[in-house]
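Me: I am new to this structure and would like a close look at a single part of it. Please start wherever the pairing of strands is easy to follow, and then lead me outward from there.

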Amino acid sequence: QYAAQIIHDESARLHRMVEDLLDLARIEAGRLDLNQRSVQLDEILFGIIENLTVKADENDITLTRNLPESLPRIAGDGDRLAQVFTNLIDNAIKHTPTGGTVAVEAVAQNQELIVNVRDTGEGIPPEDLARVFERFYQVDKSRQGSRSGAGLGLAITRQIVEAHGGKLHVASKLGEGTVFTVWLPL
Ligand code: ATP
Ligand code: MG
């Protein structure tokens with residue numbers, strides 16, 4: 001059973017990596033086609049947070065949400081937007097030590113939907129801040145090629161946000177935490 005579990009986890013990891021590489025190839029070929037619908041982002045966020053709460057609990061991290069009752073609908077690709085916020089929240093959990101907090105908050109303001117993913121984690125050194133959106137870039141060089149990801153998540157995430165006409169920014173303080181902010185047009 002133990003061996004089967006390892007095989008299962010490893011194939012899930014490989015599957016995710018292949019999907020990421022395909023996404024990157026699609027982006028490069030200008031073929032990241034969005035399946036645009038009217039989406040309710042608070043429902044998407046709610047579902048992702050439900051899913052990732054297990055992972056947060058395992059690491060003794062509090063995952064909180066501050067979402068209004070109902071956000072205005074936006075035009076977008078629900079699966080792609082789910083990928084954006086899964087990447088950001090997953091990163092935040094990965095880089096926050098035990099006992100920390102990851103908070104997701106969303107507001108509608110000035111014809112924009114603004115989502116913050118805030119953590120009380122290790123932070124990102126100022127010299128690396130601009131580079132985390134580059135493909136394969138990982139701050140902790142010792143993680144490169146390890147099982148903790150390939151450094152593709154944020155590169156893909158930014159492309160998806162920009163394909164929606166939005167913006168993705170990061171602010172961070174070393175040793176205090178990081179906040180990623182997504183703006184999406186209403
Ligand atoms: P992948 O997403 O492909 O599984 P990854 O998570 O390492 O791998 P990215 O999501 O692109 O890759 O993130 C790039 C790097 O940015 C990470 O390796 C990490 O060093 C840094 N980083 C991202 N989010 C955070 C965060 N919330 N706190 C601290 N560092 C972060
Ligand atoms: Mg990632």
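**A hairpin and its surroundings**

Reply: Strand S4 (residues 101-109) and strand S5 (residues 112-119) run antiparallel and are joined by eight bridges. Please keep in mind that this is a predicted model. To find one of the bridges, look for Ala103, whose partner in S5 is Arg118.

Now follow the chain from one strand into the other. S4 and S5 form a hairpin, with two residues between them. Asn110 sits in this turn and has a positive phi of about 45 degrees. Gln111 also lies in the loop between S4 and S5, and its phi is positive too, near 60 degrees, although Gln111 is not a glycine. Most residues other than glycine have a negative phi. Is Gln111 buried or exposed? Its relative accessible area is 59%, which is over 50%, so Gln111 counts as exposed.

S4 has a second partner as well. Five bridges join S4 to strand S2 (residues 62-66), and this time the two strands run parallel. Here you can look for Leu63, which has Val102 of S4 as its bridge partner. S4 is therefore bridged to S2 and to S5.

Let us step back along the chain from S2. The loop between helix H2 and S2 contains Asp60. This is another residue that is not a glycine yet has a positive phi, here about 55 degrees. With 53% relative accessibility, Asp60 counts as exposed because the value is over 50%.

Going further back brings us into H2 itself, which covers residues 41-58. Asp42 belongs to this helix and deserves a pause: Asp42 is buried but has no salt bridge. The nearest side chain of opposite charge is that of Arg73, 7.8 Å away, and a salt bridge needs the two atoms within 4 Å, so this pair does not qualify. What Asp42 does have is a polar contact of 3.1 Å between its side chain and that of Gln40. Leaving aside residues up to four places away in sequence, Asp42 touches Leu67, Pro68, Glu69, Ser70 and Leu71.

A different charged residue of H2 does find a partner. Lys55 forms a salt bridge with Asp90, and their closest N and O atoms are 2.5 Å apart. This pair links distant parts of the chain, with Lys55 in helix H2 and Asp90 in helix H3, 35 residues apart. Lys55 is partly exposed at a relative accessible area of 29%, whereas Asp90, at 16%, is buried.

H3 (78-94) leads us to helix H1, because H3 and helix H5 (153-163) are among the elements that cover the buried residues of H1. Which residues of H1 are buried? They are Asp20, Asp23, Leu24 and Ile27. H1 has 27 residues, running from 2 to 28, and at 1.5 Å a residue it should span 39 Å. The C-alpha atoms at its ends are 39 Å apart, so the expectation and the model agree. Ala25 is also in H1, but it is partly exposed, with a relative accessible area of 42%. Just after the helix, Gly30 takes a positive phi of about 65 degrees.

H1 also takes part in a salt bridge, one of nine in the structure. The side chains of Arg135 and Glu28 meet at 2.1 Å, N to O. Arg135 lies in the loop between helix H4 (126-129) and H5, while Glu28 is in H1, so the pair ties together parts that are 107 residues apart in sequence. Arg135 is partly exposed at 39%, and Glu28 is exposed at 56% relative accessibility.

Our last stop is H5, where Arg158 and Glu162 form a salt bridge of 4.0 Å, N to O. The two are four residues apart in this helix, which means about one helical turn separates them. Both count as partly exposed, Arg158 at 25% and Glu162 at 43%. Elsewhere, salt bridges that share partners join Asp23, Arg26 and Arg80 into one network.

Notes. Residues numbered from 1 in each chain as written. Chains lettered and ligands numbered in written order. Predicted model: local features only at pLDDT ≥ 70, side-chain atom pairs only at ≥ 80, totals over all residues. Heavy atoms only, no water. Expected span 1.5 Å × (residues − 1). Buried < 20%, exposed > 50% of the residue type's maximum accessible area, 1.4 Å probe, protein only. Contact = heavy atoms within 4.5 Å. Lys, Arg positive; Asp, Glu negative; His and termini not counted. Polar contact = N/O pair within 3.5 Å; in protein donor to acceptor, adjacent residues only side chain to side chain.
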